[in-house]
Amino acid sequence: MKPIFVQLQCAPGRTYEVADEIYRKEIVSEMYSTSGDYDLLLKIYIQEGDDIGKFINDNIASVPGISRSLTTLTFNAF
């Protein structure tokens, strides 16, 4: 398993709704509220070799209330 960090911007007033929907999917290890351009930072573990873009499209991008393209950051080690 490797961690990926996903930043996303929510439509005005929809941050809590988006966070709740993502939390209910049970795919997030940690979730943080941020400031600036992005509202949420998600830490998700995926299997080595899984396609990150497909995982995000299948599990996160379809959540209503996300208004900006997702930015993914990956790290091999901490």
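This section describes the fold of a single chain, from its overall form to its helices, strands and core.

The structure is a predicted model. The chain contains two helices and four strands, and these elements follow one another along the sequence in the pattern β-α-β-β-α-β. The C-alpha atoms occupy a box of roughly 35 × 25 × 20 Å along the principal axes. A compact globule of 78 residues would be expected to have a radius of gyration near 12 Å, and the chain agrees with this expectation because its own value is 12 Å. Of the 78 residues, 33% count as buried. Among contacts with a separation of 6 or more, 68% are made by residues 24 or more positions apart. Parts of the chain that are distant in sequence are thus brought into contact, as the pair Val6 and Thr72 illustrates: these residues stand 66 residues apart along the chain, yet their C-alpha atoms are separated by 4.6 Å.

Strand β3, which spans residues 40-46, pairs with two other strands. Its pairing with β1 is antiparallel and extends over seven bridges; within this pairing, Leu8 has Leu40 of β3 as its bridge partner. The pairing of β3 with β2 (residues 30-33) is also antiparallel and comprises four bridges, and here Tyr32 is matched with Leu41 of β3. Six residues lie between the strands in the hairpin of β2 and β3, where Gly36 adopts a positive phi near 90°.

Strand β3 is mostly covered, with six of its seven residues buried. Lys43 belongs to this strand. Is the residue Lys43 buried or exposed? Its relative accessible area is 9%, and Lys43 is therefore classed as buried, since the cut-off for a buried residue is under 20%. The side chain of Lys43 also forms a polar contact of 3.3 Å with the side chain of Tyr45.

The first helix, α1, covers residues 15-24. Val18, Ala19 and Ile22 of this helix are buried. Viewed down the axis of α1, the buried residues fall within an arc of 100°, and they therefore line one face of the helix. This buried set packs against β1, β2 and β3. On the other side of α1, by contrast, Tyr16, Tyr23 and Arg24 are exposed. Just after the helix, Glu26 takes a positive phi of about 60°.

The second helix, α2, is formed by residues 52-59, of which Ile52, Phe55 and Ile56 are buried. These three residues lie on the same side of α2 because they cover an arc of only 95° around its axis. At the start of the helix, a side-chain oxygen of Asp51 comes to within 3.3 Å of the backbone nitrogen of Gly53.

In soluble globular proteins, nonpolar side chains tend to be buried together. In the present model, the largest nonpolar core consists of 17 residues, and the members that touch the most others are Val6, Leu8, Leu42, Ile44 and Ile60. Both helices contribute to this core: β1, α1, β3 and α2 each supply at least two of its residues. The largest share, four residues, is provided by β3.

Val6 offers a view of how the core is assembled. This residue is found in strand β1 and has a relative accessible area of 0%, so Val6 is buried. When neighbours within four places in sequence are set aside, the contacts of Val6 include Leu40, Leu41, Leu42 and Ile44. Ile56 and Ile60 are likewise among the residues that Val6 contacts, as are Leu70, Thr71 and Thr72. Leu42, Ile44 and Ile60, which appear among these partners, are themselves named with Val6 among the core members that touch the most others.

Note on methods
Residues numbered from 1 in each chain as written. Predicted model: local features only at pLDDT ≥ 70, side-chain atom pairs only at ≥ 80, totals over all residues. Heavy atoms only, no water. Buried < 20%, exposed > 50% of the residue type's maximum accessible area, 1.4 Å probe, protein only. Polar contact = N/O pair within 3.5 Å; in protein donor to acceptor, adjacent residues only side chain to side chain. Arc of directions from axis to C-beta. Core = buried A, V, L, I, M, F, W, Y, C linked by side-chain atoms within 4.5 Å. Contact = heavy atoms within 4.5 Å. Pairing = 2+ DSSP bridges. Rg over C-alpha atoms; globule rule 2.2 N^0.38 Å.
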